[in-house]
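Welcome, and please load the model in your viewer. We will go from one selection to the next and see what is there.

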Amino acid sequence: MYNRKDSYYKKAKKEGYKSRAAYKLLELSQKNQLIKKGHRVLDLGAAPGGWSQVALNLVGANGLVLAVDYAAIEGINAPNFVFIHGDMTAPDTIAAILAHAEKPAESTNGGFDVVLSDMAPKTTGIKLKDHADSIELAQLAAKTAASTLKAGGTFIVKLFDGEDRVQYVKDLQAQYKSVRTIRPDATRKSSYEMYVIATGFNSNS
Ligand SMILES: C[S@@+](CC[C@H](N)C(=O)[O-])C[C@H]1O[C@@H](n2cnc3c(N)ncnc32)[C@H](O)[C@@H]1O
């Protein structure tokens, strides 16, 4: 049973993060130096906003964080923060993301350096179904990453682990130089979530 008073929950409250999930991204990015000053970051499934807060700190004033969720994000007012309130399964949400990621052929200014997806389905407790739903969201995120990342970019995505993970990782291996799976310390012991970190996007794949 989730204990709302767990240590990461308390830490998040004290340090002003909107979610305990913030510590997962902090850990992933600190260990792997993935988000840097000036980066443009796309944050899918961003509400209530913990990952966006972490990403905004890491990219600094010259970077950008574009967050997407069908749930609201409130109280993040940085000038370089943009929120698209939409469902990732809806074509107009994808169109709105692409409008922020235009990649003129000769320019490196369009596109994103990092695409994050912490999207999670509404869980049913039926492990196979939750896994299948999470893979579906992860596939949607991978497709979005493939059409918006700069060459060499990074994609970080959450999955509920299960048998389709192997094929999912294989598909990413065809598009990225390196693909790893990791379980951050801030992940609850009882959870079967894990993160895939794919770096070195090959834009010709
Ligand atoms: C674990 S929460 C994300 C927490 C966030 N990373 C943070 O640090 O605050 C998962 C989010 O995925 C969002 N989500 C799930 N399916 C989605 C979809 N189809 N389109 C947009 N957002 C979705 C949910 O609304 C939820 O806010």
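Which of the 20 residues around the ligand come nearest to it? Select W51, D69, D87, M88 and D118: these are the ones. Keep in mind throughout that you are looking at a predicted model.

**Stop 1: the ligand**

Stay with the ligand and pick out its polar neighbours. The side chain of D118 has an N or O atom 2.8 Å from a nitrogen atom of the ligand. A nitrogen atom of the ligand also lies 2.9 Å from a backbone N or O atom of M88. For an oxygen atom of the ligand, turn to P48, where a backbone N or O atom is 3.4 Å away. On its own the ligand has 600 Å² of accessible area, and the protein covers 87% of it. If you display pockets, look for the ligand in the largest pocket.

**Stop 2: the loop with P48**

Now centre on P48, which belongs to the loop between β1 and α3. Show the backbone here: the peptide bond joining A47 and P48 is cis, with omega at about 5°. This is the P48 whose backbone has an N or O atom 3.4 Å from a ligand oxygen.

**Stop 3: helix α3**

Move along to helix α3, residues 50–59. How many of its 10 residues are buried? The count is 8, so the helix is mostly covered. Select G50, W51, S52, Q53, V54, A55, L56 and V59 to see the buried ones. W51 should look familiar, as one of the residues that come nearest to the ligand.

What do the buried residues of α3 pack against? Colour α2 (22–32), β1 (40–44), β2 (64–69), β3 (81–85), β4 and β7, and you have the answer. Just after the helix comes G60, with a positive phi near 70°.

**Stop 4: helix α2, from L25 to Q33**

One of the partners of α3 is α2, so select L25 in that helix. L25 counts as buried because its relative accessibility is 0%, under the 20% cut-off. Leaving out neighbours within four places in sequence, its contacts are I35, W51, V54, A55 and L116. Among these, W51, V54 and A55 are buried residues of α3. Try a distance label between the C-alpha atoms of L25 and V54: 7.2 Å in space, with their positions 29 residues apart in sequence.

Next, select N32, also in α2. Is N32 buried or exposed? N32 is buried, because its relative accessible area of 18% is under 20%. Beyond neighbours within four places in sequence, N32 is in contact with R180 and I197.

Then step to Q33, in the loop between α2 and β1. Q33 is exposed, since its relative accessible area of 56% is over 50%. Check its backbone too: phi is near 50°, a positive value in a residue other than glycine.

**Stop 5: S117 in strand β4**

Go to strand β4, residues 112–117, and select S117. S117 is buried, because its relative accessibility is 1% and the cut-off is 20%. Show its contacts, leaving aside neighbours within four places in sequence, and you will find L44, W51, A141, I156, V157 and K158. W51 thus turns up again, having appeared among the contacts of L25.

**Stop 6: D161 and its neighbours**

Select D161, in the loop between β5 (149–160) and α6. D161 is partly exposed, because 22% relative accessible area falls between 20% and 50%. Which residues does D161 touch, not counting those up to four places away in sequence? They are H131, Y192 and M194. Show side chains for D161 and R165 as well, which are joined by a polar contact of 2.8 Å. A C-alpha distance worth labelling here is D161 to Y195: 9.2 Å, for two residues 34 apart along the chain.

**Last stop: two wide views**

Zoom out and select D171 in helix α6, residues 165–173. D171 counts as partly exposed, at 39% relative accessibility. From D171 to K36 the C-alpha separation is 26 Å, and the two are 135 residues apart along the chain.

Finish at N202, in the segment after β7 (193–201). N202 is partly exposed, with a relative accessible area of 35%. A label from N202 to K129 reads 32 Å, C-alpha to C-alpha, for a pair 73 residues apart in sequence.

Definitions and conventions
Residues numbered from 1 in each chain as written. Predicted model: local features only at pLDDT ≥ 70, side-chain atom pairs only at ≥ 80, totals over all residues. Heavy atoms only, no water. Helix = DSSP H or I, 4+ residues; strand = E, 2+ residues; numbered from the N terminus. Buried < 20%, exposed > 50% of the residue type's maximum accessible area, 1.4 Å probe, protein only. Contact = heavy atoms within 4.5 Å. Near = heavy atom within 4 Å. Polar contact = N/O pair within 3.5 Å; in protein donor to acceptor, adjacent residues only side chain to side chain. Areas by Shrake-Rupley, 256 points an atom, 1.4 Å probe, with all protein chains shown as cover. 1 Å grid on protein atoms, 1.4 Å probe; cavity = no way out; pocket = protein on both sides within 12 Å on 5 of 7 lines; lining within 4 Å. Sits in = over half its atoms within 2 Å of the grid points.
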